[in-house]
Amino acid sequence: MTLPRTSTKDPAKGVAFALCAIALWGSLATLGVSLRHVPPFLLTGLGLLAGSVVALPLSRGRFADWRVPLPTLLLGIAGLFGYHVLLFAALRLAPPVQANLLNYLWPLGMVLLAPVWLRGVRLRWQHVAAALVGFAGAALALSDGAKGGASLQAQADSSAWLGYALAVGAAFTWSSYSLLTQRVAPFKTAAIGTFCLVSGVLALFCHAVFEVTPALSLRDGVLIAVLGLGPLGGAFFLWDAALKRADARTIGLLAFITPLLSTTLLLLSRGEPLTGTLVVATALIVGAALVGARAR
């Protein structure tokens, strides 16, 4: 997600683009769990390469639109490559619903980290209160993962706790990336294709070094293509287009719909009930992010 400082204002269209991006992001965890047998580096690499294709019609053959300065490119790689590797690894190691909910601490992270990464932004008491409420929601999500024999066994396993840590790391990575894009020179939306392309190649290199390539089915190929053209690619371009047209604060508030949508789709796809604990946990995390974002 980029937060450009140059814009063509069209708030209604910006909100529409943002809602489309959020709808795509809502399917990210569900697709990631469906492909959890695919190693994280391989899944990230193939998904991001597919996502880079979206830049072709946007640039209309003008590859100059793909160019960005080296610092901007490194930031894009850290954001797209780092975030998705951490998230997919977390979904493999920890109970998916809880890991996914922890990942969606990133909107709150944007509020709390703004004074760290951006000049002229101060942390207020409302931000601290929102952080405490958000962490309370995260704790409830983890406690819900401990219910039941299978979940309790997974919770006790050290790999599950590593998965939770990776989910929090993913949230930190995405929120930091989102804020730091405000400190680099503005770039065209098509340049996100460069982030996807380079990050995808890097992920495949890491796969070749660290992972074993599994046999992929036709279904896997279709899901990876959907992942790349949707939440792992197309959503980035839609989000950038939204922020170019509407106020970033308004668009940012819409992002808090994502954990609700994502958690619901994940539970439905797994045939799991939406427990009262998870409802409260989700409400706390989303509510904390909303309160924190409004305290400016």
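**Close-up views of a predicted model**

**View 1. L93 and its contacts along the chain.** With a relative accessibility of 31%, L93 counts as partly exposed, because this value falls between the limits of under 20% for buried and over 50% for exposed. The structure shown in this and the following views is a predicted model. L93 is found in helix 5, and, once neighbours within four places in sequence are set aside, L93 is in contact with S159, A160, L162, G163 and L166. Although L93 and S158 are 65 residues apart along the chain, their C-alpha atoms are separated by 9.1 Å.

**View 2. Helix 5, residues 70–93.** This helix is made of 24 residues and reaches 34 Å from its first C-alpha to its last, which is close to the 34 Å expected at 1.5 Å a residue. Helix 5 is mostly covered, with 17 of its 24 residues buried, whereas L93 in this helix counts as partly exposed.

**View 3. The salt bridge between R62 and D65.** The structure holds one salt bridge, formed by R62 with D65, whose closest N and O atoms are 3.3 Å apart. The two partners fall into separate accessibility classes: R62, at 45% relative accessibility, counts as partly exposed, while D65, at 11%, counts as buried because its value is under the 20% limit.

**View 4. A nonpolar surface patch.** V53, L56, F63 and L229 together make a nonpolar patch of about 380 Å² on the surface. One of these residues, V53, lies in the loop between helix 3 (40–52) and helix 4 (55–59), and its relative accessibility of 44% places V53 in the partly exposed class.

**View 5. Confidence along the chain.** For the protein, the mean pLDDT is 83, and 89% of the residues reach 70 or more. Over residues 1–7, however, the pLDDT is below 50, and in the model this stretch has 31 contacts beyond near neighbours in sequence. A further stretch, residues 148–152, also stays under a pLDDT of 50, and here the model has five contacts beyond four places in sequence.

Definitions and conventions:
Residues numbered from 1 in each chain as written. Predicted model: local features only at pLDDT ≥ 70, side-chain atom pairs only at ≥ 80, totals over all residues. Heavy atoms only, no water. Helix = DSSP H or I, 4+ residues; strand = E, 2+ residues; numbered from the N terminus. Expected span 1.5 Å × (residues − 1). Buried < 20%, exposed > 50% of the residue type's maximum accessible area, 1.4 Å probe, protein only. Patch = residues over 30% accessible without salt bridge, like charges linked within 9 Å, V, L, I, M, F, W, Y side chains within 5 Å. Areas by Shrake-Rupley, 256 points an atom, 1.4 Å probe, with all protein chains shown as cover. Salt bridge = Lys/Arg side-chain N within 4 Å of Asp/Glu carboxyl O. pLDDT = per-residue confidence, 0-100. Contact = heavy atoms within 4.5 Å.
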